[in-house]
Amino acid sequence: MSERGDRGKLREIRAPRGWAAWGTTAWAAGILALLVAAPLSMRGAYGDRLATHWGTLGEPDGSLPLWAAAVAPAAVWAVLVAAAVFWRAARRWRAAVLAPGGVLLAGGQVSIVRANLHHADWHDADPVAVGAVVTLFAAAAAGCVAWLVSRRPAAAPAKRGQGERMEIPEGERRVWLSRTANPWLRLVAAATGAVAVAAPLVGTGGLAASRWLLIVPFAAASAAVLVCSSVRVRVGERGVDVAFGPLGWPVRRWDAADVEWARAERRTPAQVGGWGYRLSGLGTTVMLRAGECLVIRAKGKDFAVSVDDAERGAALLNSLAGARAERP
């Protein structure tokens with residue numbers, strides 16, 4: 001068995017580049033946390049219901065329970081982020097949608113909380129006209145800035161082709177191992193998991209009865225992010241295994257005979273649409289850090305994963321795949 005000699009280098013996690021993708025992740029998580037935390041953190045300063053709608057004369061004419069005032073805008077934001085990230089037609093407008101959308105929802109939530117402060121009855125809430133005007137102008141400005149900043153040509157995909165092969169002496173077997181982890185994705189998983197764990201302890205009555213509206217989505221998000229926060233790749237006689245998450249599950253496997261070619265290729269989050277498990281015009285990419293990726297083409301589809309020493313892994317996989325193909 002042959003492994004990479006420089007173990008320290010094998011475990012190296014390169015500094016992230018792709019600042020646009022990092023910014024999108026931080027912005028989405030920050031706005032979500034604000035939308036949920038703002039009303040819940042001040043729950044002792046007002047009643048069980050919050051004024052959430054005002055008439056033309058500035059008097060409150062609609063309300064929601066405290067839990068709904070926290071969950072409703074967070075749900076709207078989650079849908080908006082998911083559409084901007086996963087809907088291919090919206091990706092080019094992602095910044096121009098998420099920047100003003102986040103400002104609009106966050107500004108509206110802050111205005112609602114401020115208007116309800118120190119009022120036991122939601123009918124007595126203060127007007128929100130000034131806050132609404134400021135929020136609209138701020139959202140418009142954020143949208144313009146984001147649109148101007150995001151107007152840049154898309155990165156061209158790397159040239160593809162057959163990869164290099166590794167010479168394996170007859171009678172010798174070799175195995176290549178590599179792994180990568182993204183500490184920021186683990187932090188996001190921990191934060192969303194903490195919200196799910198803390199949800200049953202928040203409030204009583206109507207809020208406690210509706211705690212599953214917080215537990216289920218945040219627990220699911222925490223598990224999904226944690227699974228995509230680290231990866232372990234093994235290339236051996238059977239082919240290649242890609243194990244996800246701290247438990248090494250789930251696992252994607254390709255038999256060496258199914259691999260057409262493998263190569264090392266530099267990719268960034270901006271090229272593939274963000275961090276984690278991404279689907280784009282380049283195929284499937286497990287993006288944990290910008291830089292070197294192992295790209296595998298099998299059964300007519302491309303799969304890439306962020307790992308160090310990808311060139312050596314690709315060379316070994318090409319040799320194993322070629323040897324399988326040459327067998328009678």
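**A guided reading of the predicted structure**

Lys-299 forms a salt bridge with Asp-258, and their closest N and O atoms lie 3.9 Å apart. Lys-299 sits in the loop between β10 and β11, while Asp-258 sits in the loop between β6 and β7, so this pair ties together parts that are 41 residues apart in sequence. Lys-299 counts as exposed, because its relative accessibility is 64%. Asp-258, by contrast, is partly exposed, with a relative accessible area of 30%. The model in which this pair is found is a predicted one.

An overview of the chain helps to place such details. The secondary structure of the protein chain comes to 10 helices and 11 strands. The chain has 328 residues, of which 44% count as buried. Its accessible surface comes to about 17600 Å², and 63% of that surface belongs to carbon and sulfur atoms. Among contacts between residues at least 6 apart in sequence, 64% join residues at least 24 apart.

The bridge described at the outset belongs to a wider set, for the structure holds nine salt bridges. One of them joins Asp-241 and Arg-238, with the closest N and O atoms 3.7 Å apart. The two partners may be compared by their accessibility. Asp-241 counts as buried, because its relative accessibility of 16% falls under the 20% limit. Arg-238 counts as exposed, because its 55% relative accessibility is over the limit of 50%. These two residues are also linked with Arg-253 in a network of salt bridges. Another salt bridge is formed by Arg-267 and Glu-265, where the closest N and O atoms are 2.8 Å apart. Both Arg-267 and Glu-265 are buried.

The discussion now turns to nonpolar residues. In soluble globular proteins, nonpolar side chains tend to be buried together. In this model, the largest nonpolar core has 36 residues. Those with the most contacts inside this core are Val-233, Val-240, Val-242, Leu-294, Val-305 and Val-307. Which elements each supply at least two residues of the core? They are the strands β4 (230-236), β5, β7 (259-267), β9 (283-287), β10 (291-298) and β11, together with the helix α10 (310-326). Helix α10 gives the most to this core, with seven residues. A second, separate core has 23 residues, including Val-36, Ala-45, Leu-98 and Ala-106.

Val-242, named above among the residues with the most contacts inside the largest core, can be examined individually. Leaving aside its neighbours within four places in sequence, Val-242 is in contact with Val-231, Arg-232, Val-233, Pro-250, Val-251, Arg-252, Trp-254 and Phe-303.

Aromatic rings offer a further view of how parts of the chain meet. The count of aromatic pairs comes to two. In one of them, the ring centres of Phe-244 and Tyr-277 are 6.1 Å apart and the ring planes stand at 55 degrees, so the pair is tilted. This pair links distant parts of the chain: Phe-244 belongs to strand β5 (residues 239-244) and Tyr-277 to strand β8 (residues 276-280), 33 residues apart. Phe-244 is buried, with a relative accessible area of 5%, whereas Tyr-277 is partly exposed, with a relative accessible area of 31%. The other pair consists of Trp-254 and Phe-303, whose ring centres are 4.8 Å apart and whose planes are at 45 degrees, so this pair is tilted as well. Trp-254 lies in strand β6 (residues 251-255) and Phe-303 in strand β11 (residues 301-306), so the pair ties together parts that are 49 residues apart in sequence. Both Trp-254 and Phe-303 are buried.

Another residue worth following is Leu-66, which lies in helix α3 (residues 66-86). Is Leu-66 buried or exposed? Leu-66 counts as buried, because its relative accessibility is 9%. Leu-66 and Leu-40 are 26 residues apart along the chain, and their C-alpha atoms are separated by 7.4 Å. Not counting residues up to four places away in sequence, Leu-66 touches Pro-39, Leu-40, Arg-43, Tyr-46, Asp-48, Arg-49 and Leu-50.

Finally, the surface also holds nonpolar residues. Trp-93, Val-97 and Trp-147 make a nonpolar surface patch of about 280 Å². Within this group, Val-97 is placed in helix α4 (residues 94-116). Val-97 is partly exposed, with a relative accessible area of 32%.

Note on methods. Residues are numbered from 1 along each chain as its sequence is written. This is a predicted model: local features need pLDDT of at least 70, side-chain atom pairs count only at pLDDT 80 or more; totals for chains, interfaces and linings use all residues. Side-chain values use heavy atoms; hydrogens and water are left out. Patches are made of residues with over 30% relative accessible area and no salt bridge: like charges are joined within 9 Å, nonpolar side chains (Val, Leu, Ile, Met, Phe, Trp, Tyr) within 5 Å. Accessible areas come from the Shrake-Rupley method with a 1.4 Å probe; for residues, only the protein chains shown count as cover. A salt bridge is a side-chain nitrogen of Lys or Arg within 4 Å of a carboxyl oxygen of Asp or Glu. Helices (H or I, at least four residues) and strands (E, at least two) are DSSP runs, numbered from the N terminus. Buried means under 20% relative accessible area, exposed over 50%, partly exposed in between (1.4 Å probe, protein chains only). Rings of Phe, Tyr and Trp (its six-membered ring) pair if their centres lie within 6.5 Å; planes under 30 degrees apart count as stacked, over 60 as edge-to-face and the rest as tilted. A nonpolar core is a set of buried Ala, Val, Leu, Ile, Met, Phe, Trp, Tyr and Cys residues joined through side-chain atoms within 4.5 Å. Contact means heavy atoms within 4.5 Å.
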